[in-house]
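Colleague: I should like to learn how the features of a model such as this are read. Please take me from the overall fold to the details.

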Amino acid sequence: MPRPLGSLLIGHDVGTVTQMGWTSLGNGELLRQAASTFDVLLTADQNLEFQQNLAKLPMAVVVLVAPGNRLESLEPLVPALLETLKALKPKTLVRVGA
């Protein structure tokens with residue numbers, strides 16, 4: 001996810017994979033690390049739910065569905081994302097976007 005997206009998520013603490021020093025981790029280990037630190041994983045990877053067993057994670061996963069993963073494509077989803085985050089429950093997967 002583009003780093004500037006985090007600044008649009010007002011009221012939420014956001015950390016990117018790069019900021020957290022997790023760039024060398026594979027998806028499974030990345031998910032475990034994120035689950036021990038965050039309540040929600042935000043991703044644009046629409047295949048993640050098919051590649052990993054998300055049911056074992058204590059956190060929620062939000063998949064942003066957009067034409068691309070650049071800020072210009074994701075920014076229009078921010079209002080819906082913020083509304084989703086208000087009611088999000090642990091161990092759920094939610095798609096935001098088209």
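Colleague: How many helices and strands does the secondary structure of the chain come to?

Modeller: Helices (H or I, at least four residues) and strands (E, at least two) are DSSP runs, numbered from the N terminus. Here there are six helices and three strands, in the order α-α-α-β-α-β-α-α-β from the N terminus on. The radius of gyration of the chain, taken over C-alpha atoms, is 13 Å, close to the 13 Å that the globule rule (2.2 Å times the number of residues to the power 0.38) gives for 98 residues, so the chain is as compact as a globular protein of that length. Its C-alpha atoms fill a box of roughly 30 × 25 × 25 Å along the principal axes.

Colleague: On what basis are such values given?

Modeller: Residues are numbered from 1 along each chain as its sequence is written, and side-chain values use heavy atoms, with hydrogens and water left out. The model is predicted: local features need pLDDT of at least 70 and side-chain atom pairs count only at pLDDT 80 or more, whereas totals for chains, interfaces and linings use all residues.

Colleague: What pLDDT does the chain average?

Modeller: pLDDT is the predictor's confidence in each residue, from 0 to 100. The chain averages 92, and 99% of the residues score at least 70. Among the elements, helix α4 (residues 48-51) has the lowest mean, 84, and α6 the highest, 96.

Colleague: How should the strands be read, and which way do β1 and β2 run?

Modeller: Two strands pair if DSSP finds at least two bridges between them. β1 and β2 run parallel, joined by four bridges; Thr 43 has Val 63 as its bridge partner in β2, and Leu 42 stands opposite Val 62. β2 also pairs in the parallel sense with strand β3 (residues 93-97), over five bridges, and there Val 61 stands opposite Leu 93.

Colleague: Which residues of β2 point one way, and which the other?

Modeller: In a regular strand the side chains alternate between the two faces of the sheet. In β2, Ala 60, Val 62 and Leu 64 point one way and Val 61, Val 63 and Val 65 the other, and all are buried. Buried means under 20% relative accessible area, exposed over 50%, and partly exposed in between (1.4 Å probe, protein chains only). By contrast, β1 has a covered face, Leu 41 and Thr 43, and an uncovered one, Val 40 and Leu 42. Over the chain, 34% of the 98 residues are buried.

Colleague: What volume does the largest pocket have?

Modeller: Rolling a probe the size of a water molecule over the atoms shows where empty space is left. On a 1 Å grid over the protein atoms alone, a pocket is an open set of points where a 1.4 Å probe fits, with protein on both sides within 12 Å along at least five of seven lines; lining residues have an atom within 4 Å of a point. Grid points are joined across faces, edges and corners, and a volume is the space filled by probe spheres set on the points. The largest pocket has a volume of about 800 Å³. Of its 32 lining residues, Val 14, Gly 15, Val 40, Leu 41 and Leu 42 lie nearest its centre.

Colleague: What is the phi of Lys 91?

Modeller: Most residues other than glycine have a negative phi. Lys 91, in the loop between α6 and β3, has a positive phi near 60 degrees. Lys 91 is exposed, with a relative accessible area of 57%.
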